[in-house]
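Work through the exercises below with the sequence and the model side by side. Try each task before reading its solution.

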Amino acid sequence: MNDIIQVKGITKTYATGFKALDGIDLNIRRGEIFALLGPNGAGKTTLISIICGIVNATAGQVIVDGHDIVRDYRAARKTIGLVPQELTNNMFDSVWATMKLSRGLFGKAPDAAHLEKVLRDLSLWDKRNEKIMSLSGGMKRRVLIAKALSHEPDVLFLDEPTAGVDVELRRDMWEMVRLLRDKGVTIILTTHYIEEAEEMADRIGVINGGRLILVEDKATLMRKLGTKQLSIHLQQPLTHIPETVAEYQLELAQGGHALVYTFDALTEQTGIAELLRALAREGIEFKDLHSSQSSLEDIFVGLVHNHPGQLKQQATEELS
């Protein structure tokens, strides 16, 4: 799979001296859904804005589908659709007029059939003649997506697309994103909803403090950085963990009615069999066992809360 976006050494320093981005290198594969995760102020929106040509980088280069975003701005920008965080439509225009204008601004010939299909896919066709100011917040968000798709881009950026929308609309938008990906559109998604990335992404990048600290296939990331836990539900509650099993670093849970054992599922010896034998020797009986794996949210929180100076090195070591 070839790369449709190449980000090389992108740095952004503002006049105040604040460095929003610090040497970002990133390749986005054609036809993938790439989720960019990071806490508030991490640099997600700044990076997207630079790739889309809205903000100028202090240093570095961005190539979009073979076009330099600075030297060949028009050709690069034609390939990109952007759904920003903020509502940016002219509230006095109709939905249909907004779509037509957006398509024309990118030099595309009129195509009523395409615009109709986009509006129908987003459940906006019945609203096409209404002024945007009269729509609900969720419908306004749909219009932003429709507007971004009006000129048939090969790359679609979604910057917090489901912020403030209800669960039903969020699910509809996820389905639409998958359909676009199936048609060959590359999707770059920033989100605060970890389950959104876990549900949709092919690859995940984590940005923190203006640095890209990790990029990995979602499944590989969860397999290599995720841990598993074994919950041992006891016949009789414990008030403390016996010294004879202290080496297993167990935790009491559910008011002493369960023991939780955290282990690395990739190792040949998980220690589970030895633990169960040790509990039996102590006369600790259990009635049920339940295993679970860390979610993407657990992994993300663990990454961004590590010491900043050690974070990238640790992530590299864990993935090697």
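**Exercise 1: a residue and its core**

Leaving aside neighbours within four places in sequence, find the residues in contact with isoleucine 187, where contact means heavy atoms within 4.5 Å.

Solution. With those neighbours set aside, isoleucine 187 touches Glu32, Ile33 and Phe34, then Leu156 and Leu158, and finally Val177 and Leu180. This is a predicted model, in which local features need pLDDT of at least 70 and side-chain atom pairs count only at pLDDT 80 or more, while totals for chains, interfaces and linings use all residues. Residues are numbered from 1 along each chain as its sequence is written, and side-chain values use heavy atoms, with hydrogens and water left out.

The next step is the largest nonpolar core (a set of buried Ala, Val, Leu, Ile, Met, Phe, Trp, Tyr and Cys residues joined through side-chain atoms within 4.5 Å). This core has 41 residues, and Leu156 and Ile187 are those with the most contacts inside it. Helix 5 (residues 137-149) gives the most to this core, contributing seven residues. Another core, of 27 residues, lies apart from it and includes Ala42, Leu47, Val62 and Ala76.

**Exercise 2: a covered strand**

Determine how many residues of strand 3 (residues 33-37) are buried, and which strands pair with strand 3.

Solution. Buried means under 20% relative accessible area, exposed over 50%, and partly exposed in between (1.4 Å probe, protein chains only). Helices (H or I, at least four residues) and strands (E, at least two) are DSSP runs, numbered from the N terminus. In strand 3, five of five residues are buried: Ile33, Ala35 and Leu37 cover one side, and Phe34 and Leu36 the other.

Two strands pair if DSSP finds at least two bridges between them. Strand 3 pairs in the parallel sense with strand 8 (residues 186-190) over four bridges, and there alanine 35 stands opposite leucine 189. Four bridges also join strand 3 to strand 9 (residues 203-208), again running parallel, with phenylalanine 34 opposite arginine 203.

**Exercise 3: threonine 186**

Why does threonine 186 count as buried?

Solution. Threonine 186 belongs to strand 8, and it counts as buried because its relative accessibility is 0%. Its contacts, leaving aside neighbours within four places in sequence, include Ile4, Ile28, Gly31, Asp154 and Leu156.

**Exercise 4: an open sheet**

Give the strand order of the open sheet of four strands and name its edge strands.

Solution. The order is 2-1-4-5, with antiparallel pairing. Strand 2 (19-29) and strand 5 (67-68) are the edge strands, each pairing on one side only. Two bridges join strand 4 (residues 59-64) to strand 5, where isoleucine 63 stands opposite aspartate 68.
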